[in-house]
Amino acid sequence: MPQTTIIVSTRGQGLYEFTDQAADFVGVNGAGEGLLTLFVRHTSCSLLIQENADPDVKRDLHEFFARLVPPSSDPSMHWVVHTQEGPDDMPAHIKAALTQVSIGVPVNAGRMALGTWQGLYLFEHRDRPHRREVVLHLGP
């Protein structure tokens, strides 16, 4: 069963699409039918399947999560204990816990069965740039 790890470079909080890299992996490995499993190897980012047509969707999702889980320096987050790695770290862990670190995408006729406007995204929850590893595994 084919497996690879791709790197998604981030520039801070936000959504970073990697649909094309995953599609290339599926295409190169010639799967007819199967399941593509994606797994991010970090605890302060997550994976999403989300609309990739209107950039306002990415902006609104980022804004929603910023309001839902503000930095630990915000007075509403006074209860946070884990602050040694900066005010964005514990909120990043909370956001990752609320979303997902693994996604399964069916593969039909050698292509991911994503909808017309769906894309695969790494959702970066930290402020500074990172190189995130996403494992792609193609199974029967």
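# Pockets, sheet and cores

User: Which residues line the largest pocket?

Analyst: This is a predicted model. The largest pocket has a volume of about 170 Å³. Its lining is made up of Thr19, Asp20, Ala23, Gly27, Gly110, Arg111, Met112, Leu114, Gly115 and Gln118.

User: Which element gives the most to the lining of the largest pocket?

Analyst: By class, this lining divides into 3 nonpolar, 5 polar and 2 charged residues. Two elements, α1 and β6, give two or more residues to the lining of the largest pocket. The top contributor, with 4 residues, is α1.

User: What is the pattern of helices and strands along the sequence?

Analyst: The protein chain holds 3 helices and 8 strands. Its C-alpha trace spans about 50 × 30 × 20 Å along the principal axes. Read along the sequence, the pattern is β-β-α-β-β-α-α-β-β-β-β.

User: How much of the protein chain do buried residues make up?

Analyst: Start with the contacts at a separation of 6 or more: residues 24 or more positions apart account for 80% of them. Now take burial, which means under 20% relative accessible area. Of the 140 residues in the protein chain, the buried share is 41%.

User: Which strands stand at the edges of the open sheet, and why is one side of each left without a neighbour?

Analyst: The open sheet has 5 strands with antiparallel pairing, in the order β1-β8-β3-β5-β6. Each edge strand has a single partner, so one of its sides has no neighbour in the sheet. These edge strands are β1 (3–9) and β6 (111–112).

User: Which residue stands opposite Leu36 in β8?

Analyst: Strand β3 covers residues 34–40 and pairs with β5 (residues 102–108) in the antiparallel sense over 6 bridges. On that side, Gly34 stands opposite Val107, and Phe39 has Ser102 as its bridge partner. β3 also runs antiparallel to β8, joined by 6 bridges. There, the residue opposite Leu36 is Leu138.

User: Which residues form the covered face of β3?

Analyst: β3 has two faces, one covered and one uncovered. Leu35, Thr37 and Phe39 belong to the uncovered face. The covered face consists of Gly34, Leu36, Leu38 and Val40.

User: How many residues does the largest nonpolar core have?

Analyst: Phe18, Leu36, Leu38, Met112, Leu120, Val134 and Leu136 have the most contacts inside this core. The elements giving two or more residues to this core are β1, α1 (19–28), β3, β4 (45–51), β5, β7 and β8 (131–139). Another core lies apart from it, with 7 residues, among them Leu15, Val57, Leu61 and Tyr121. The largest nonpolar core has 22 residues.

User: Which residues of α1 and β3 does Leu120 touch, among others?

Analyst: Leu120 is one of the residues with the most contacts inside the largest nonpolar core. Residues up to four places away in sequence are not counted here. α1 spans 19–28, and β3 covers residues 34–40. Among the residues that Leu120 touches are Thr19, Ala22 and Leu38.

User: Which element gives the most to the lining of the largest cavity?

Analyst: There is 1 cavity of 30 Å³ or more, and about 40 Å³ of space lies in the largest cavity. Gln13, His62, Phe65, Ala66, Lys95, Phe123, Glu124 and His125 line it. At least two lining residues come from each of α2 (55–68) and β7 (118–124). The largest contribution, 3 residues, comes from α2.

User: Why does Val69 count as buried?

Analyst: Val69 lies in the loop between α2 and α3 (89–98). Leaving aside neighbours within four places in sequence, Val69 is in contact with Met77, Pro91, Ile94, Lys95 and Leu98. The C-alpha atoms of Val69 and Lys95 are 7.1 Å apart, with their positions 26 residues apart along the chain. Val69 counts as buried because its relative accessibility is 5%.

User: Is Ala109 buried or exposed?

Analyst: Ala109 has its place in the loop between β5 and β6. Most residues other than glycine have a negative phi. The phi of Ala109 is positive, near 50°. With a relative accessible area of 66%, Ala109 is exposed.

Conventions. Residues are numbered from 1 along each chain as its sequence is written. This is a predicted model: local features need pLDDT of at least 70, side-chain atom pairs count only at pLDDT 80 or more; totals for chains, interfaces and linings use all residues. Side-chain values use heavy atoms; hydrogens and water are left out. On a 1 Å grid over the protein atoms alone, a cavity is a set of points where a 1.4 Å probe fits but cannot get out, and a pocket is an open set with protein on both sides within 12 Å along at least five of seven lines; lining residues have an atom within 4 Å of a point. Grid points are joined across faces, edges and corners, and a volume is the space filled by probe spheres set on the points. Two strands pair if DSSP finds at least two bridges between them. A nonpolar core is a set of buried Ala, Val, Leu, Ile, Met, Phe, Trp, Tyr and Cys residues joined through side-chain atoms within 4.5 Å. Buried means under 20% relative accessible area, exposed over 50%, partly exposed in between (1.4 Å probe, protein chains only). Contact means heavy atoms within 4.5 Å. Ala, Val, Leu, Ile, Met, Phe, Trp, Tyr, Cys and Pro count as nonpolar, Asp, Glu, Lys and Arg as charged, and the others, Gly among them, as polar.
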